Amino acid sequence: MNFKNLREYLAWLYYQYLLITGIYVLEPWEKSIFNSIFFSAIAMVIYTSYVFVPIHVRLALEFFFGIFGGQPESTMALMN
């Protein structure tokens, strides 16, 4: 894929973004405010997913392994 095709493809994707979100009817300063809020929200969702989802998955796995899975170790085995 050469540079012109890539540029045209990115322009097409941006045009689709404008059409889907409906911001093509906004003025430039309104577009910048909308884009700032939108991309800030997306960044917060990605960051929160990166930080907190692995912790919740680990806790859920421990919970379900405790219910369905293995036997808990005895305290005597831990002391030895």
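Mentor: Let's begin with one idea: a residue is called buried under 20% relative accessible area, exposed over 50%, and partly exposed in between. Keep in mind that the model here is predicted.

Trainee: Thanks! Where does Phe-64 fall on that scale, and why?

Mentor: Phe-64 has 44% relative accessibility, so this residue counts as partly exposed. Leu-13 is treated likewise: its value is 36%, and therefore Leu-13 is also partly exposed.

Trainee: Is Asn-35 buried or exposed?

Mentor: Asn-35 is buried, because its relative accessible area is 17%. This residue sits in helix 2, which covers residues 28-68. If we set aside neighbours within four places in sequence, Asn-35 is in contact with Tyr-17 and Ile-23.

Trainee: How much of the protein chain is made up of buried residues?

Mentor: Of the 80 residues in the protein chain, 5% are buried. The accessible surface of the chain is about 7400 Å², and carbon and sulfur atoms account for 71% of that area.

Trainee: Now the fold. How many helices and strands does the protein chain have?

Mentor: Secondary structure is read along the sequence, element by element. Here there are three helices and zero strands, giving the pattern α-α-α. Helix 1 spans residues 3-21 and holds Leu-13.

Trainee: Which residues does UniProt list under "transmembrane region"?

Mentor: The UniProt entry, which is unreviewed, gives residues 9-26 and 32-53 that label. Such annotations may be inferred rather than shown by experiment. In the model, residues 9-26 are 72% helix and 0% strand, with their end C-alpha atoms 23 Å apart. For residues 32-53, the helix share is 100%, the strand share is 0%, and the end C-alpha atoms lie 31 Å apart.

Trainee: Which residues make the nonpolar surface patch?

Mentor: A patch gathers nonpolar side chains that lie within 5 Å and belong to residues with over 30% relative accessible area. In this structure, Phe-3, Leu-6, Tyr-9, Leu-10, Trp-12 and Leu-13 make a nonpolar patch of about 620 Å². You have already met Leu-13, at 36% relative accessibility.

Trainee: And the aromatic rings: how many pairs does the structure hold?

Mentor: There are seven aromatic pairs. Phe-63 and Phe-64 form one of them, with ring centres 5.2 Å apart and 70 degrees between the planes. Planes over 60 degrees apart count as edge-to-face, and that is how this pair is classed.

Trainee: Which residues form the aromatic cluster?

Mentor: Tyr-14, Tyr-17, Phe-34, Phe-38 and Phe-39 form one cluster. Tyr-17 may sound familiar, as Asn-35 is in contact with this residue.

How values were computed:
Residues numbered from 1 in each chain as written. Heavy atoms only, no water. Phe/Tyr/Trp six-rings, centres within 6.5 Å; stacked < 30°, edge-to-face > 60°. Buried < 20%, exposed > 50% of the residue type's maximum accessible area, 1.4 Å probe, protein only. Helix = DSSP H or I, 4+ residues; strand = E, 2+ residues; numbered from the N terminus. Patch = residues over 30% accessible without salt bridge, like charges linked within 9 Å, V, L, I, M, F, W, Y side chains within 5 Å. Areas by Shrake-Rupley, 256 points an atom, 1.4 Å probe, with all protein chains shown as cover. Salt bridge = Lys/Arg side-chain N within 4 Å of Asp/Glu carboxyl O. Contact = heavy atoms within 4.5 Å.
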